[in-house]
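Open the model in your viewer and follow along. We start with the whole chain and then move to its hollows.

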Amino acid sequence: MAYRNQKDVISDEKDLTYCSGVGVFLILWTMDGKNDAKNCVRKEKTMSLTCRIEKKPFGKVKSKRDAYLYEVHGSNGMGFAVSDFGATLVSLWIPGPEEKETDVLLGYDCAAGYESNGGHLGATVGRSANRIAKGKYELNGQIYQLAQNNGENNLHSGPDYYGKRFWETEELKEGIRFTLHSPDGDQGHPGNAKITVEYTLTEEQGVRLAYHGACDQDTVMNLTNHSYFNLEGPEGKCILPHRLQICSHRFTATDEHLIPTGELVAVEETPMDFTVMKEIGRDIEADYPALKLAGGYDHNYVLDNQGSFALAAVYEASGRRMEVYTDLPGMQIYTGNSLETEGKNHARYGRFSGICFETQYFPDSVNHPSFPSPILKKGESFQSVTEYRFSWQA
């Protein structure tokens, strides 16, 4: 597969035309590899996107506090739901074949499910996403010790996760803004931080996640979203037959505890190579050390975007297509290798029921000077955007 630019993707295996802009969205896409106007979705867009927001009860958590769900429905056929508990992305509805609306996120039916279960389904993750070796790092000559909640390492700054806290809520014209105040010493990190994440519908048939952070001391700031996607729906059917492409030619090698060694490994001629669209399960059981250690894909891909907002991945299944855009340097691809829970409408979620696209700074980057730095300086601001764009067959 060759990338003509950061937006257009041309596949050797599928004849595809994709044009995206402010005024017009046009996709010519057929599953048999032929351009056939009868089977195409054509969206003529203007800047007249309107949204309707509904606030609904989402149950109580153990403290007896009420959680709320905010449903955002757009005039372009898209919609999503988020909760003030965890700034969680709960549902994402897109049309599909015959315009049948489908929720493409795994999740739970109420806030209690998100509180009591692991896996971080839909959660906003911070102050530092992913793993930090031995749960500690040095900053400005001082050692900061975090909890060791993943063996001897720290994962997602837990166990006091952002995804299990209530966030302040503000309704926007096209979405929701959540705000969290994280005090000095919270999770072991320095500084009083103010963090916001905005979920908004876009003209490009998508949902935009815009992150902002500021702190009164130098600190680590590495925010992400941990949604599990399944383009067949929230029932959690196996994703291994689904197709994936990643705009990356390298991944971060890890030790047996999934902590980066510092080496960036070329994906060429390995089972880690998704530079050409292929089935997720084609190589997942290969006798390859990185896959054996993780029990599937759970790896940070070094994106080709060079720090610019650009296409990071393309995911296809069931007549639907998802594109992930980000300005961050890395993306953790996780195929739910350890997932085991009961989700929406009593669906059983197990191994390979969903796939995560965790845009991020590299794992343990705070301890690797050669990696892009996740350090946010006092007086500066962290800003990042990740966007999920969708198209579908008529």
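Begin with a surface view of the protein chain. Its accessible surface is about 15700 Å². Carbon and sulfur atoms hold 47% of that area. Keep in mind that this is a predicted model.

Now switch to a cartoon. The protein chain has 34 strands and 2 helices. Colour by burial next. The chain has 394 residues, and 60% of them count as buried.

Turn on contacts. Take those in the protein chain with a separation of 6 or more: 63% of them join residues 24 or more positions apart.

Next, look for enclosed space. How many cavities of 30 Å³ or more are there? The count is 5. Go to the largest cavity, with a volume of about 100 Å³.

Select its lining in steps. Start with T88, Y108 and Y114, which are among the lining residues. Add the run N117, G118, G119, H120 and L121, also part of the lining. Then A123, Y161, G163 and K164 complete the lining of the largest cavity. By class, this lining has 6 polar, 5 nonpolar and 1 charged residues.

Leave the cavity and find the largest pocket. Its volume is about 370 Å³. Which residues that line the largest pocket are the closest to its centre? Select R131, L155, D298, Y334 and S338. They belong to a lining of 24 residues.

Finish by colouring that pocket lining by class. Expect 13 polar, 7 nonpolar and 4 charged residues.

Definitions and conventions:
Residues numbered from 1 in each chain as written. Predicted model: local features only at pLDDT ≥ 70, side-chain atom pairs only at ≥ 80, totals over all residues. Heavy atoms only, no water. Helix = DSSP H or I, 4+ residues; strand = E, 2+ residues; numbered from the N terminus. Buried < 20%, exposed > 50% of the residue type's maximum accessible area, 1.4 Å probe, protein only. Contact = heavy atoms within 4.5 Å. Areas by Shrake-Rupley, 256 points an atom, 1.4 Å probe, with all protein chains shown as cover. 1 Å grid on protein atoms, 1.4 Å probe; cavity = no way out; pocket = protein on both sides within 12 Å on 5 of 7 lines; lining within 4 Å. Points joined across faces, edges and corners; volume = space filled by probe spheres on them. Nonpolar A, V, L, I, M, F, W, Y, C, P; charged D, E, K, R; others polar.
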